[in-house]
Amino acid sequence: MATRKPNHKSAKRWVATVTTDSTHPRKGLFTKDAATIARSLASKRVSPKGPQSGLRMLNYFINRGGKGLSASRRRVLERAKSIMMRRLRSNRSRSRSR
């Protein structure tokens, strides 16, 4: 009896099977600079559930791009991610001090 090998290619591409329509960033947003990306993804218009949702969307986009992202584009996206994380941390510390 032959055993089947697991399909490792599909395991690497999990992000390709995700379909969501919960947020709507404007077309071409991820080609902008880091500050613009962070500001837009933190807005209620794009991320109705708040900046955490925008951060997840950005992380999803980075994962979806995978090896296809150029090094410079990845740096810009990672910079946008760090800007958003810094804002989230500062908002949390402000809300705790109240």
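Here are legends for a few views of this predicted protein model.

**View 1. The whole chain, helix by helix.** What does the fold consist of? The protein chain has 4 helices and 0 strands. Walk along the sequence and you get α-α-α-α. Among the helices are α1 (8-12), α2 (34-42) and α3 (residues 51-65).

**View 2. Inside and outside.** Of the 98 residues in the protein chain, 27% are buried. On the outside, the chain exposes about 7,700 Å², and carbon and sulfur atoms supply 53% of that area. As for who touches whom, take the contacts between residues at least 6 apart in sequence: 54% of these join residues at least 24 apart.

**View 3. The F30–F61 ring pair.** How many aromatic pairs turn up in a search of the whole structure? Just 1. F30 and F61 make up this pair, and their rings are stacked, with 4.0 Å centre to centre and 10° between the planes. The angle counts as stacked because the cut-off for that label is under 30 degrees.

**View 4. Where the two rings come from.** The pair ties together distant parts of the chain, its two residues sitting 31 apart. F30 belongs to the loop between α1 and α2, while F61 is in helix α3.

**View 5. How covered each ring residue is.** Is F30 buried or exposed? F30 is buried, since its relative accessible area is 12% and the cut-off for buried is under 20%. Its partner F61 has 28% relative accessibility, so F61 counts as partly exposed.

Definitions and conventions
Residues numbered from 1 in each chain as written. Predicted model: local features only at pLDDT ≥ 70, side-chain atom pairs only at ≥ 80, totals over all residues. Heavy atoms only, no water. Buried < 20%, exposed > 50% of the residue type's maximum accessible area, 1.4 Å probe, protein only. Contact = heavy atoms within 4.5 Å. Areas by Shrake-Rupley, 256 points an atom, 1.4 Å probe, with all protein chains shown as cover. Phe/Tyr/Trp six-rings, centres within 6.5 Å; stacked < 30°, edge-to-face > 60°.
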